[in-house]
Amino acid sequence: MNWADHSAYIELYPKEEFNYEECLLFLGRSDLEVTHQIRDGILYKLIKGDEECLLLKITGTSQSIKAEFPLGSCSAKARQEAAKYIWEWFDLDRDLEGFYNIARKDKILQPLIQNYYGLRIMGIPNLFEAITWAIMGQQINLTFAYTLKKRFTEQFGECLIFEGEPFWLFPEAEKIAALRVEDLRMLQFTSRKAEYIIGIAKAMAAGELTKEHLLQGSFEQMHSKLTAIRGIGSWTADYVIMKCLRHPNAFPIADVGLHNALKLQLALPSKPSLEEIREMAMGWEGWQAYAVFYLWRSLYV
DNA sequence: ATCCAGGAACTGT
DNA sequence: ACAGTTCATGGA
């Protein structure tokens, strides 16, 4: 992690192939987003440090990301945690050169890496949030998924008011583990999703499911451990591996957004079959997650 | 109104 | 292993 601690603020220095504006565009794709805010081009994110909440005020250029602490000064340890969080959130450990090398030779990806140069997979570092968000998004349109997340967070998450505006933390697994299905049904979750989410919250609260444990395994091991959990199928496992566990081989091949993006990019009369997608993705080995993320990007704005 | 949405479990063969 | 069915509700 390449960063500087200036006490009043911190600064992170990504390697090349980084474009803050592109990343910010992704973060601003929904007005219903509750786990971060963008106001006047400035990104605000509330994170949970050791016991205490930390509000980050983030700005960036193509060379660096700067984060201030509008709540006041914070400890050196908290600043380190903030730096680590942002580093992971923006996937700054990744060297995109490998991806761009294979993408330059790929008919589908070539225009995308040109248009979205420097875009990184904006992650969800918190495992419970990543899994829960993926489950919320199963088989419903994205707008409604954001509505569910907003209700869920505003009902069960912690809130901090700053300058008269609320900043939310995604709910803790411990809190959700104590709920009943009806508590989520009231927010228009389906019974099925409510069961899945509470079940996973219980497993995580009991320490039976942790990010650290999953990260120890290979891609295949992560995938099979995740899909062994009720509510997590192949799509959800790949999504979580892509956004939280950060394995670049994650490939949610059944994703509807992916299908639509391919149809659009290739001007196909209808969505490609899984077999056709496998064919297209032959050259993406080792970078499937980035290929998918760039294709998703092509669907908006 | 009708179709479908960043799927998964369940059921029957 | 594989295909069909059910869950459920909002957006376009």
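The following exercises, with worked solutions, concern a helix pair and two DNA-facing surfaces in a predicted model.

**Exercise 1.** Determine how H11 and H12 are oriented to each other, and which residues in H11 meet which residues in H12.

*Solution.*
Step 1. Two packed helices are described by the angle between their axes and the distance between the axes.
Step 2. Helix H11 spans residues 219–227 and helix H12 spans residues 234–245; the two pack at about 125°, and their axes are 9 Å apart.
Step 3. Angles of 65 to 115 degrees count as roughly perpendicular and those over 145 as roughly antiparallel. H11 and H12 are therefore oblique to each other.
Step 4. The handedness of their crossing is right-handed.
Step 5. On the H11 side, the contact involves Phe219, Met222, His223, Leu226 and Thr227. Their partners in H12 are Ser234, Ala237, Asp238, Val240, Ile241 and Leu245. By class, the residues of this contact comprise seven nonpolar, three polar and one charged.

**Exercise 2.** Describe the surface near DNA strand B: its nearest residues, its polar contacts and the elements that contribute to it.

*Solution.*
Step 1. There are 22 residues around DNA strand B, and those that come nearest are Arg29, Leu142, Gly231, Thr236 and Tyr239. Of the strand B atoms that come within 4 Å of the protein, sugar and phosphate account for 56%.
Step 2. Two side chains approach phosphate oxygens of DNA strand B: an N or O atom of Thr236 at 2.6 Å, and one of Lys271 at 3.2 Å. Ile140 instead places a backbone N or O atom 3.4 Å from a sugar or linking oxygen of strand B.
Step 3. Two or more residues of this surface come from each of H12 and helix H13 (256–265). H12 gives the most, with four residues.
Step 4. Sorted by class, the surface near DNA strand B holds nine nonpolar, nine polar and four charged residues.

**Exercise 3.** Identify the residues around DNA strand C, and state what share of the atoms of strand C within 4 Å of the protein belongs to sugar or phosphate.

*Solution.*
Step 1. Asn141, Phe144, Arg185, Gln188, Thr190, Ser191 and Arg192 lie around DNA strand C. They divide into one nonpolar, four polar and two charged.
Step 2. Sugar or phosphate supplies 84% of the strand C atoms within 4 Å of the protein, and bases supply the rest.
Step 3. Polar contacts add detail. The side chain of Asn141 has an N or O atom 3.1 Å from a sugar or linking oxygen of DNA strand C. Arg185 brings a polar side-chain atom to 3.1 Å from a phosphate oxygen of the strand, whereas Arg192 uses a backbone N or O atom, 3.3 Å from a phosphate oxygen.

How values were computed:
Residues numbered from 1 in each chain as written. Chains lettered and ligands numbered in written order. Predicted model: local features only at pLDDT ≥ 70, side-chain atom pairs only at ≥ 80, totals over all residues. Heavy atoms only, no water. Axes fitted to C-alpha atoms, helices over the stretch in contact; angles between N-to-C directions. Parallel < 35°, antiparallel > 145°, perpendicular 65-115°, else oblique. Left-handed = near helix turned anticlockwise from the far one by under 90°. Contact = heavy atoms within 4.5 Å. Nonpolar A, V, L, I, M, F, W, Y, C, P; charged D, E, K, R; others polar. Near = heavy atom within 4 Å. Polar contact = N/O pair within 3.5 Å; in protein donor to acceptor, adjacent residues only side chain to side chain.
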